[in-house]
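This briefing sets out selected features of one protein model, grouped by topic. The sequence and structure are shown first, and the points follow.

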Amino acid sequence: MKKSLLLMGLFALLISCKGNMSKSESLAETRKPVNLILDTDLGPDYDDVGAMALLHALADSGQVNILATLSSNLDERVVPGIEVLNTYFNRPDIPVGAPKSEPGVSLTTWHKVKWTDELPAKYPHRTAKTSDAPDALKMYRKILSEQPDNSVVICTIGFFTNLRDLLRSGADEYRELSGKELVARKVKRLVSMAGLFPEGKEFNVYCDVPASKVVVEEWPTEIIFSGFEIGNVVLTGKRLVQMNVENSPVKDTYALCFAEGDPDGRMRWDVTAVFVAIKGYEPYYDVERGTFKVIDEEGTNGWEANPNGRHLRLIEKMPPTEVAALLENYMMHQPSKK
Ligand SMILES: [Ca+2]
């Protein structure tokens with residue numbers, strides 16, 4: 001009798017465990033993909049290429065729905081380069097756009113090997129040059145107006161030019177709302193690779209200081225900042241360039257730049273920001289809430305910790321080597337076969 005009671009108990013436990021497992025599994029399966037707009041300067045540094053590879057890897061596993069890939073950079077090779085990557089990963093129809101406001105920022109790669117020329121020369125894309133692309137501001141307004149309220153994550157890994165233009169925009173054919181109202185209604189959060197914490201000068205902030213100031217002061221939703229110091233530790237790309245694949249624009253970019261001067265790998269500033277925008281910061285990072293401030297005309301930023309602040313900054317939690325290995329696995333992702 002005792003034995004049969006024990007068996008019944010074990011059986012009940014097994015059923016309950018199985019029930020719990022399938023519940024959590026089905027939760028993971030039914031988790032909705034993040035609706036994401038990527039805003040990139042793809043060019044001065046090549047970590048944007050790794051970030052876009054990771055973006056497409058997570059799209060292939062159904063974790064993100066890429067609404068647009070927009071350029072914040074006027075350099076003529078940026079939009080063709082974005083399209084090369086979208087096309088390589090079997091998503092040639094993702095909307096692209098570029099800033100039309102004055103004066104804008106135009107910066108090409110600082111590498112001697114112009115990988116930004118090499119990619120469009122070798123791989124298919126539709127748009128010949130960045131200035132031929134549609135207005136990024138119009139793309140933002142159109143796409144946001146079509147999305148459910150509070151559903152869109154924007155990830156910026158370049159300058160704040162487009163986002164400033166969006167905040168400053170008025171009603172148009174897509175929506176009667178001002179840009180700020182449209183963002184407040186449609187955007188869930190902004191994730192940004194920008195700033196150096198607790199204080200310093202960082203590229204994405206100082207390249208367009210007026211735009212950076214407007215966005216950090218007026219953006220109506222939460223902003224998560226992935227600072228310079230977060231992506232600066234533990235290099236990535238060494239395994240990527242050793243992959244046994246041919247005709248990959250991702251591998252080509254890293255191989256070209258490594259040959260020139262980064263033999264130990266490259267910082268993963270932008271890659272981290274895109275990862276957090278899609279996966280969330282838990283369990284990879286801690287956060288501190290506060291207020292990001294642009295404190296001078298040179299683009300120096302400061303940080304004021306404050307439990308009620310609208311901004312969050314990432315703080316290291318998981319060992320950086322583990323995060324780097326995880327990110328590089330995604331960066332090595334190959335296009336899914338169609
Ligand atoms: Ca970038």
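Aspartate 41 and aspartate 270 are both buried in this predicted model. Both residues also belong to the coordination of a calcium ion. The points below begin with that site and proceed to the sheet, the helices and the backbone.

**Calcium site**

- The calcium ion is coordinated by Asp41 (OD), by Asp48 (OD) twice, by Ile157 (O) and by Asp270 (OD), at 2.3 to 2.5 Å.
- Along the chain, the donors follow the spacing D-x6-D-x108-I-x112-D.
- The pair aspartate 41 and aspartate 270 links distant parts of the chain, 229 residues apart.
- Aspartate 41 lies in the loop between strand 1 (34-40) and helix 2 (47-60), whereas aspartate 270 lies in helix 13 (residues 269-279).

**Sheet**

- The model contains an open sheet of 10 strands in the order 3-2-1-4-5-7-10-8-9-6, and its pairing is mixed.
- Strand 3 (96-97) and strand 6 (200-201) are the edge strands, each of which pairs on one side only.
- Strand 6 runs antiparallel to strand 9 (residues 300-305), and 2 bridges join them.
- Lysine 201 has threonine 300, in strand 9, as its bridge partner.
- Helix 13 packs on the sheet, and its direction makes about 175° with that of strand 4 (152-157).
- The strands touched by helix 13 are strand 1, strand 2 (64-71), strand 4, strand 5, strand 7, strand 8 and strand 10.

**Helix packing**

- Helix 2 and helix 14 (residues 320-331) pack with their axes 7 Å apart, at an angle of about 75°.
- Helix 2 is therefore roughly perpendicular to helix 14, because angles of 65 to 115 degrees count as roughly perpendicular.
- Helix 2 contributes Gly50, Ala53, Leu54, Ala57 and Leu58 to this contact, and helix 14 contributes Leu327, Tyr330 and Met331.
- By class, the contact of helix 2 with helix 14 comprises 7 nonpolar residues, 1 polar residue and no charged residues.
- In helix 9 (residues 209-218), the buried residues are Val209, Ala211, Ser212, Val214, Val215 and Val216.
- These buried residues of helix 9 pack against two helices, helix 6 (161-168) and helix 8 (203-206).
- The buried residues of helix 9 also pack against strand 5 (187-193), strand 7 (222-226), strand 8 (285-294) and strand 10 (311-316).

**Backbone features**

- Most residues other than glycine have a negative phi, and most peptide bonds are trans.
- A cis peptide bond joins glutamate 102 and proline 103, with omega about -5°.
- Proline 103 is in the loop between strand 3 and helix 4 (115-122).
- A cis peptide bond also runs from glutamate 282 to proline 283, with omega near 0°.
- Proline 283 is in the loop between helix 13 and strand 8.
- Asparagine 90, a residue other than glycine, has a positive phi near 65°.
- Asparagine 90 is placed in the loop between helix 3 (78-88) and strand 3, and with a relative accessible area of 27% it is partly exposed.
- Asparagine 247 likewise has a positive phi, near 55°.
- Asparagine 247 occupies the loop between helix 11 (238-241) and helix 12 (249-261), and with a relative accessible area of 48% it is partly exposed.

Definitions and conventions. Residues numbered from 1 in each chain as written. Predicted model: local features only at pLDDT ≥ 70, side-chain atom pairs only at ≥ 80, totals over all residues. Heavy atoms only, no water. Donors = N, O, S within 2.8 Å, 3.2 Å for Na, K, Ca; no water. Helix = DSSP H or I, 4+ residues; strand = E, 2+ residues; numbered from the N terminus. Buried < 20%, exposed > 50% of the residue type's maximum accessible area, 1.4 Å probe, protein only. Contact = heavy atoms within 4.5 Å. Pairing = 2+ DSSP bridges. Axes fitted to C-alpha atoms, helices over the stretch in contact; angles between N-to-C directions. Parallel < 35°, antiparallel > 145°, perpendicular 65-115°, else oblique. Nonpolar A, V, L, I, M, F, W, Y, C, P; charged D, E, K, R; others polar.
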